[in-house]
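Got your viewer open? Load the model, switch to cartoon view, and follow along one selection at a time.

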Amino acid sequence: MARNARAKQLREYGLSVLEGARSEQVLRMARQVNAASYTSAREYAGRSLFELLQNGYDAHPRDHRGGRVHVLLDETEGEWGTLYVANGGMPFTWRDVERVCELAQSSKEVGEGIGNKGVGFRSIL
């Protein structure tokens, strides 16, 4: 039941973002942001696995040394295979989802982890 509630919350959030993006001014700004994001993402080309591993590392508490990141490439799933990356660190909170969906935002403070501002995360999308 909690899973359905979270899915509903995510859907409602997405719909509210889309609703707010309908004005011409917002669309014009979105095109500019998209161009800047595309340029940044190109700079991260070929770094997808590294970025996912870095995110997994950042999810673990700084004072623990027993963190784990699991990587699995299932070559039989999908047209080109499917890459799964999981970690034993802190899961994404709803605040994390909101922040990573915004440009140059993160719930992490500068210096808190390797990554910052979700640029590498967005580059793998």
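Start with the whole chain selected and turn on its surface. About 9900 Å² is exposed, and 56% of that comes from carbon and sulfur atoms. Keep in mind as you look around that this is a predicted model.

Now go back to the cartoon and color by secondary structure. How many helices and strands does the chain have? You should find five helices and two strands. Walk along from the N terminus and the order reads α-α-α-β-β-α-α.

Next, try coloring by burial. Of the 125 residues in the chain, 16% count as buried. If your viewer can show contacts, take those between residues at least 6 apart in sequence: 42% of them join residues at least 24 apart.

Time to zoom in on the surface. Select Leu49, Leu53, Val69, Val71, Leu73 and Leu83, and show their side chains. Together they make a nonpolar patch with about 450 Å² of accessible area. Which elements give two or more residues to this patch? They are α3, residues 48-58, and β1, residues 69-74. Color those two elements so that they stand out. Strand β1 makes the largest contribution to the patch, with three residues.

For the last stop, click on Val69, one of the patch residues. Val69 sits in strand β1. Why does Val69 count as partly exposed? Its relative accessibility is 34%, and partly exposed covers the range between the buried cut-off of 20% and the exposed cut-off of 50%. Finish by turning the surface back on around Val69, keeping the rest of the patch in view.

Key
Residues numbered from 1 in each chain as written. Predicted model: local features only at pLDDT ≥ 70, side-chain atom pairs only at ≥ 80, totals over all residues. Heavy atoms only, no water. Helix = DSSP H or I, 4+ residues; strand = E, 2+ residues; numbered from the N terminus. Buried < 20%, exposed > 50% of the residue type's maximum accessible area, 1.4 Å probe, protein only. Contact = heavy atoms within 4.5 Å. Areas by Shrake-Rupley, 256 points an atom, 1.4 Å probe, with all protein chains shown as cover. Patch = residues over 30% accessible without salt bridge, like charges linked within 9 Å, V, L, I, M, F, W, Y side chains within 5 Å. Salt bridge = Lys/Arg side-chain N within 4 Å of Asp/Glu carboxyl O.
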